[in-house]
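Biologist: Please take one helix of this model and go through it closely. I would like to know what its sides face and how it relates to the core.

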Amino acid sequence: MADIHGQLPASVVLGGLVVGSERTFEQDPLFAFRLLTDIALRALRPNDPATTVQALDYIEDLLGRAAAAPTEPRRVTDQHQVLRLVIARPSWEEFVRTSLDDLIPAAATTPSVLIRLQLLLERVQHRAHPDHHEVLTARLTRVNDHLTKLLPPLA
């Protein structure tokens, strides 16, 4: 969860923890991505591509936000600017992997979902920092390969 630097009383460390029976999106940003991906995957099984596409609308919005969010660890210093705490954040790769890597192969036989994935990847890539493009391009290539197999170009 975090690296502690220096000496801190246990009460300070434990007082900074938030516990509960359910994790929240603020505590675990990947949790929202996983839930939406699970909804999309479940909708593909009974062949409900419209629900999958709707989940992809929300995933696109979240990925667009994640593309602009900092991914480097959060560093907390004390009043003397001495580093006291380092909190890890999910990487861009983790956001994309959690959102799309199970969905792309599952949608391999559903053109409407593949087309929506293609659009999602293109739009997020347009919004993302150039450092994030390679991760998206790799997924876009997979989606395009599936689409080419399903919908070969007309001669």
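Modeller: The face of α7 turned away from its buried side carries E134 and K149, which are exposed (over 50% relative accessible area, against under 20% for buried and in between for partly exposed, with a 1.4 Å probe and protein chains only). This is a predicted model, in which local features need pLDDT of at least 70 and side-chain atom pairs pLDDT 80 or more, while totals for chains, interfaces and linings use all residues. Residues are numbered from 1 along each chain as its sequence is written, and side-chain values use heavy atoms, leaving out hydrogens and water.

Helices here are DSSP runs of H or I with at least four residues, numbered from the N terminus. The buried residues of α7 are V135, L136, R139, L140, V143 and L147. They cover an arc of only 125° around the axis, which puts them on the same side of α7; the arc is taken from the directions from the helix axis to the C-beta atoms. These buried residues pack against α4 (92-100), α5 (103-106) and α6 (111-127).

One link is L117, whose contacts (heavy atoms within 4.5 Å) beyond four places in sequence include V143, L100 and I104. L117 is also among the residues with the most contacts inside the largest nonpolar core, which has 31 residues. Such a core is a set of buried Ala, Val, Leu, Ile, Met, Phe, Trp, Tyr and Cys residues joined through side-chain atoms within 4.5 Å. α7 supplies at least two residues of this core, as do α2 (29-44), α3 (49-68), α4, α5 and α6.
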